[in-house]
Each structure stands twice: as C-alpha cells, then as structure tokens.
Amino acid sequence: MTLHRTAEPVLELSGIHKGFPGVKALSDVSLRLFPGEVHALMGQNGAGKSTLIKVLTGLYTPEAGTIKLGGETIAPRRTEEAQALGIQTVYQEVNLCTNLSVAENICAGRFPRRWGRIDWSAVNAEAKRVLAQMDLDIDVTTPLSRYSLSVQQMVAIARALRVQARVLILDEPTSSLDDAAVQRLFTVLRRLREQGLAILFVTHFLDQTYALADRITVMRNGETEGEYLASDLSRLALVNKMVGAPPDQQPTRLDSRAPNTGAAVLKAQGLTRRGALHPLDLELKRGEVLGLAGLLGSGRTEAARLLFGADAADAGHVETEGRTGRWHSPREAIAAGIAFCSEDRKHEGAILDLSVRENILLALQARHGLGLVMSREAQQALADDYIKRLGIKTPSADTPIGQLSGGNQQKALLARWLATNPAVLILDEPTRGIDVRAKEDLMDAVRALAHKEDGSGMSILFISSELPEVLHCSDRVLVMRDRRAAGEYRRGELDERSVLEVIAAEPVSAAA
Ligand code: ADP
Ligand code: MG
C-alpha cells in the first residue's frame, strides 16, 4: 500500500457549502487526495457524495469553500474546464450515446483528426488501445446499445482513462458491473495507482472499499464525518460512522408502550424478485411500526416496491385483510389498503407548481379516478385538516408546494397518502434531506399515527438510512443485508451495537 502522507495533496477541498432549495446538500465539507492512492468516499444514500463530485467538476458552483489542485486555487465552471486541468470523472448516471459506436463514445469531443477531418481508423485504433488497458476486446465499431450495461459502464471508464489525468473520479462505477468486470476494473485502477494517479472511488459496497482503498473519507448528512486509513478502520467502525450511531452505546430511548399483540394486517411470504430480493417473510401488526434497517442495496427499497406492486414479484405472495395474491400494479396494492411514500421525491413526489391542497388530494383522486365527487369546500376542509394535524407550515393551502421548505413538502406528501386512509403505510426515507427539527416532527407524526390508544392505529413500515431514526420510531426492526433479512429485534432487545454488527457482518457468499 502506498501512502504519501508526507507528499502534498494533489487535490484539496475545504469549507465547501452547497445548498438546494430547502436542502443543505454540503456543509463545510473537506477532502484531500494524494497522488498514488485510491481514496474511497463513503456514505449512505443522500450523504452528499455525488453533489461533492459535481462541485469538484464544475457542474455545480459552491456557495463557499476552496478547491486546490497542485496547490493552486481553481474554480472550474464547466466539466471541460475540470478535464483540461486533469480531473477526469465518470458520473453515477452514465451519459453515453448508445446509438453511436463504442469508439465514437470513447473519443467523442476529442476525435483524432487528419487533414482537418476525423481520422476514423485512428479513432478505432485509439478506442481499441484504451480498452486493451482494461483487458476488454470488443468490436469498437458496433453501436454501444448492442452491449450490456456492464460493458457500457466499462466504456464510460475507458473514455475517462483515454486522457492522461491527475485525478480520476468514479461515482459508484460498479453498481451495474458483474463480479468479473469489477475485478477487471480493480486491476486497472491498481495499475493507475502505481503510476501515481489519485483515484477517488465512490461506493457503498464495504467489500470493494476494503479490497481497494488506501484511505476512506466518510460523509454523513452533507458533512465530512472524518478521514481514515482503511487499515485502521474496522467494518463495524465504518458502518457506525456511516449510519450515525453514537460512539457510546447509550440505550435507545423508546416511548413506553405495551408490546404489540394486534392482528396481522399485512403478511408477505417468500416474496422474491430475481437480482433484487431473496425470499422474504414479513408480518406487520395493527398499530405497529416495523423498521427496516440496512445499508443501501441491502434490499429495503426493493422489498417496499414489491409490497406496493411497483415491481412485480417472481414468487411469493402478499396477504392483507381480505386480499391475498401477488400485485401486478400499485393500483391493486392501493385497493388492498397499502400506501407507499417513495424515497424518490423528485420523480414520484411533490409536483412543485401545484398547490399544497392539490398535492395532498392527488393520491385520493388517483384512487377514485374521475368518480371523485368531492365539493371544493370538502377538498378545502380536508387539506386544511391535514395542514393543521401535521403542522405543515404554509401561508395557505393554495400556495404552490415548491415554495415550502423540504420538511413541509415531505409532510404534505405524507398527508397525500394519509388522505387515502390506508391500513398500511410504507415510508421510504421520509426524513431524507430535511432539517433536524422537521425530522423530529415527522417521526412524532409517524408514531402518533400508529400508536392509538383504542388500537385503531395505522401499520407502518419505516425505512431510513439513519439508524438512530429507525430505532427511535420502531416497535420492531428487521435488519437487511445482501438482499435478505439478516436479523430481527423486538422492542426491549433493540440495541444499536447488535444491529450494527448484523449490518456490518462479512457477506455470506461471494455472490453479493
Ligand atoms: P449521495 O450521492 O451521497 O447519495 P447526493 O449528493 O446525491 O447524495 O444528495 C445529497 C442531498 O442533496 C440529498 O438530500 C439530495 O436529495 C439533495 N440533492 C442532490 N441533488 C439535488 C438537486 N439537483 N436538487 C435538489 N436536491 C438535490
Ligand atoms: Mg450519489
């Protein structure tokens, strides 16, 4: 392992701040990269990793902070500028033109020319040369669309490797690679490290981090949690830092409440989807909050999507009061009394130019279709009622939801699903990107919905990347790892350390 602790960092970021409306994505973030190292940037989903990289490459302009390359302050305004300075990046979202050939994709923007024209034989030869570095021998004149996602990902990396760089940044490059491709990529990265390149490697796979990284920077909630030597940091300690459990193991405080003995409202048996979830059994009782803990990719969101019919299961079935089967669409799940507040707020969430009221009424309307006969007064009353009950801070129900803070938008989305009066409510990362006060409000609201004195409470599946939140909210916690249930804890036996140990355990098999 090469560590250049005496050398100067090739890249140094300090005091970086970057916000989006209602969200502090980066707050006082720092990062140092040394020549000849692989540096893993780790953090849960939403921690700010991608945003940091986009600041670094000129896609976003930070509100504050400095970036130094080779000791000189730089302020790239465009990706091309960053590239010209020697910072090459492969983004999480692969942006290639799949209708163009492999070679065109690798050389696009910097085609070899001859007599003022693109020299196609040089283009193809150049593409072959770069791919050979990665032990990849494919027909470079074939359109990229003919190849698997895994090859496409390798082509994106080849494109970045084509130019001699000082810093190579890879944002989750392995998420669509199979094991063999990951090994090939790692061989290439080790070779580049020996040549003195500084490599920033973003991943949420612990195994890959320990296989490759010399140092690790952990981000959490838009802040730099710390920088460590990989050899000094145990898996358990790393997971601890990512999920934000306090170092001293204080017992988790839960509101006192009798253990739940209600009837099962939702039951899943052998619920399976190839490549997404191993057979999962799950039971949710009336008035119970069941937490799903685990790292990104552990199968939590996948389970939620199957329970809601957003993805189709290959095997197994779901049972609710009065309905048993396998959903073919969310519509069926909704009809069975299941609501799903997705983590993907941008695509499935708030419609920013509609009013708070319209946003709240959306799911109810979808359920009743055109048959919704509700007077304007009744709609107004319903929206006002939720605004009051959940404490949504808005000038009025007619205010466009885009003008509200992230936390208040999130509450309005919660109201949207509550208005359908579901038996089961699935909340996937409901506290993502909202401030601490709003998080506490939201968790209070969640527990109040489930914990009704008369036993009529809602049954809630609560997914969060913040372990303290899961432990705080839940009556029972299911820990997931490698796309299966790996442990279950009841209230009273909940303790952060044992949950963390299950999350951080070595994978059962190589086929993760
Ligand atoms: P990571 O890559 O670690 O998963 P991101 O950098 O993508 O995290 O996101 C950090 C936070 O910033 C999240 O709360 C996310 O919702 C928010 N965010 C990221 N990009 C945008 C954007 N373009 N607009 C608004 N919010 C954003
Ligand atoms: Mg990301």
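Two strands count as paired here if DSSP finds at least two bridges between them, and helices (H or I, at least four residues) and strands (E, at least two) are DSSP runs numbered from the N terminus. This is a predicted model, in which local features need pLDDT of at least 70 and side-chain atom pairs count only at pLDDT 80 or more, while totals for chains, interfaces and linings use all residues. Residues are numbered from 1 along each chain as its sequence is written, chains are lettered from A and ligands numbered from 1 in the order in which they are written, and side-chain values use heavy atoms, with hydrogens and water left out.

**Exercise 1. Find the partners of strand β13, starting from K267.**

Step 1. Look across from K267: E319 in β16 stands opposite.
Step 2. Now widen the view to the strands. β13 (residues 264-273) and β16 (residues 315-320) run antiparallel and are joined by five bridges.
Step 3. Turn to β14 (residues 277-285), which is also antiparallel to β13, with six bridges between the two. Here A268 faces L282 of β14.
Step 4. Inspect the turn. The hairpin of β13 and β14 has three residues between its strands, and G275 in that turn has a positive phi of about 80°.

**Exercise 2. Trace the open sheet that contains β3, and place a helix on it.**

Step 1. Write down the order: β6-β9-β10-β3-β11-β12, six strands with mixed pairing.
Step 2. Mark the edges. β6 (87-90) and β12 each pair on one side only.
Step 3. Consider the twist: neighbouring strands are turned by 15° against each other on average, direction ignored. For such angles, axes are lines fitted to C-alpha atoms, for helices over the stretch in contact, and values run from 0 to 180 degrees between N-to-C directions.
Step 4. Check a parallel pair. β3 (residues 37-42) and β10 (residues 198-202) share five bridges, and V38 has I199 as its bridge partner in β10.
Step 5. Add helix α5 (residues 149-161), which packs on the sheet and touches β6 and β9 (167-171); contact means heavy atoms within 4.5 Å. The direction of α5 makes about 175° with that of β6.
Step 6. Finish with the antiparallel pair. Six bridges link β11 (residues 215-220) to β12 (residues 223-229), with I216 opposite Y228. Their hairpin has two residues between the strands, and N221 takes a positive phi near 55°.

**Exercise 3. Work out which strands of the sheet containing β15 lack a neighbour on one side.**

Step 1. Read the order of this open, mixed sheet of six strands: β18-β19-β20-β15-β21-β22.
Step 2. Go to the ends. β18 (338-341) and β22 (484-490) have a single partner strand each, so one side of each is left without a neighbour in the sheet.
Step 3. Note the turn between neighbouring strands, 20° on average with direction ignored.
Step 4. Place helix α9 (residues 300-308) on the sheet: α9 touches β15 (289-293), β18, β19, β20 and β21 (476-481), and its direction makes about 140° with that of β18.
Step 5. Confirm one pairing inside the sheet. β19 (residues 424-428) and β20 (residues 459-463) run parallel over five bridges, with V424 opposite S459.

**Exercise 4. Describe the surroundings of ligand 1.**

Step 1. Collect the shell, taking residues with a heavy atom within 4 Å of the ligand. There are 14, and the closest are G46, G48, K49, S50 and T51.
Step 2. Sort them by class: five nonpolar, seven polar and two charged. Ala, Val, Leu, Ile, Met, Phe, Trp, Tyr, Cys and Pro count as nonpolar, Asp, Glu, Lys and Arg as charged, and the others, Gly among them, as polar.
Step 3. Pick out atom pairs. An oxygen atom of ligand 1 lies 2.9 Å from a polar backbone atom of G48, and an oxygen atom is 2.6 Å from an N or O atom in the side chain of T51.
Step 4. Name the main contributor: α1 gives the largest share of the shell, three residues.

Technical notes
A polar contact is a pair of N or O atoms within 3.5 Å; within protein, one must be able to donate a hydrogen and the other to accept it, and residues adjacent in sequence count only if both atoms are side-chain atoms.
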